[in-house]
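Thank you for sending this model for comment. I have set out my remarks as numbered points, which are best read with the coordinates open beside them.

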Amino acid sequence: MKAETNPYNLASTYLRLRSDVSVEPLEVDEAFWRTIAAGDLGSFHNEFLVTSHTMKSDWDHWEMHPHGDEIVCLLDGNVTFLLEEGDGVSTVELKEGGAFAIVPTGTWHTAKVKTPSRMLFITAGEGTQHRPV
């Protein structure tokens, strides 16, 4: 008889999509982001990180992913993404579950949260940079 496997939940387990097309579950705890920022989980070269976040307020930072596009999918709520482009800032309104934006490689972006929202992120995380809003 095959053993039962409990399902994962993106609230407590993120996913690393490896370049060899395997998937590694990553347990999330209070030290997760410090660990990843310190490089203790590797560089994420040619890999993606899948996360989910609940947001109640605007981001206090801009971020940029220099080595790949990012997919940002609204699960529920209402969020406006701001994308800094050479000639100004464009917006992408995510107003219904399933709506998503593709943030191009090297594009600085931030979010304005209209209502409490849940989002799914598929991020090429290698070399991610942040700056204050």
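The points below concern a predicted model, and they go through strand pairing, charged pairs, aromatic pairs and a residue after β9.

1. On the pairing of β5 and β6: strand β5, residues 70-85, and strand β6, residues 88-94, run antiparallel and are joined by seven bridges. The connection from β5 to β6 is a hairpin of two residues, and, as one position at which to check the register, L82 can be seen opposite T91 in β6.

2. On the setting of E47: this residue sits in the loop that lies between α1 (32-37) and β3 (48-55). Is E47 buried or exposed? Its relative accessible area is 9%, and E47 is therefore buried, since the cut-off for that class is under 20%. When neighbours within four places in sequence are left aside, the residues in contact with E47 are R16, L17, R18, S19, T123, A124 and G125.

3. On the charged partners of E47: the structure holds seven salt bridges, and one of them is formed by the side chains of R16 and E47, at 2.6 Å from N to O. Because R16 belongs to strand β1 while E47 belongs to the loop between α1 and β3, this pair ties together parts that are 31 residues apart in sequence. Both R16 and E47 are buried. The side chain of E47 also makes a polar contact, at 3.3 Å, with the side chain of R18, and a network of salt bridges links R16, R18, E24 and E47. As a general remark, side chains of opposite charge can pair when their charged atoms come close.

4. On K112 and D58: the side chains of these two residues meet in a salt bridge with an N to O distance of 4.0 Å, which a reader may wish to set beside the cut-off of within 4 Å that is used for such pairs. K112 lies in strand β8 and D58 in the loop between β3 and β4, so that the pair ties together parts that are 54 residues apart in sequence. K112 counts as partly exposed because its relative accessibility is 30%, and D58 is placed in that class as well, with a value of 36%.

5. On R131 and its surroundings: which side chain does R131 meet in a salt bridge? The partner is E84, and the N to O distance is 2.7 Å. With E84 in strand β5 and R131 in strand β9, the pair ties together parts that are 47 residues apart in sequence. E84 has a relative accessible area of 30% and is therefore partly exposed, and R131, at 28% relative accessibility, also counts as partly exposed. R131 further lies over the face of two rings, that of W62 at 5.3 Å from the ring centre and that of W108 at 4.4 Å from the ring centre, so these contacts should be viewed together with the salt bridge to E84 when the side chain is inspected.

6. On the aromatic pairs: there are five of them in the structure. One is the edge-to-face pair of Y14 and F32, whose centres are 5.2 Å apart and whose planes make an angle of 85 degrees. Since Y14 lies in strand β1, residues 13-17, and F32 in helix α1, the pair ties together parts that are 18 residues apart in sequence. Both residues, Y14 and F32, are buried. Another pair is made by W59 and F121, which counts as tilted because the planes stand at 40 degrees, with the ring centres 6.2 Å apart. W59 is in the loop between β3 and β4 (61-64) and F121 in strand β8, residues 108-123, so this pair ties together parts that are 62 residues apart in sequence. W59 and F121 are both buried. Finally, Y14 and F32 form one aromatic cluster together with W33.

7. On V133: this residue is found in the segment after β9 (129-132), and it counts as exposed because its relative accessibility is 58%. Apart from neighbours within four places in sequence, V133 is in contact with W59, D60, H61, W62 and T110. From V133 to T105 the C-alpha to C-alpha distance is 19 Å, and the two residues are 28 residues apart in sequence.

Methods: Residues numbered from 1 in each chain as written. Predicted model: local features only at pLDDT ≥ 70, side-chain atom pairs only at ≥ 80, totals over all residues. Heavy atoms only, no water. Pairing = 2+ DSSP bridges. Helix = DSSP H or I, 4+ residues; strand = E, 2+ residues; numbered from the N terminus. Buried < 20%, exposed > 50% of the residue type's maximum accessible area, 1.4 Å probe, protein only. Contact = heavy atoms within 4.5 Å. Polar contact = N/O pair within 3.5 Å; in protein donor to acceptor, adjacent residues only side chain to side chain. Phe/Tyr/Trp six-rings, centres within 6.5 Å; stacked < 30°, edge-to-face > 60°. Lys NZ or Arg CZ within 6 Å of the ring centre and 35° of its normal.
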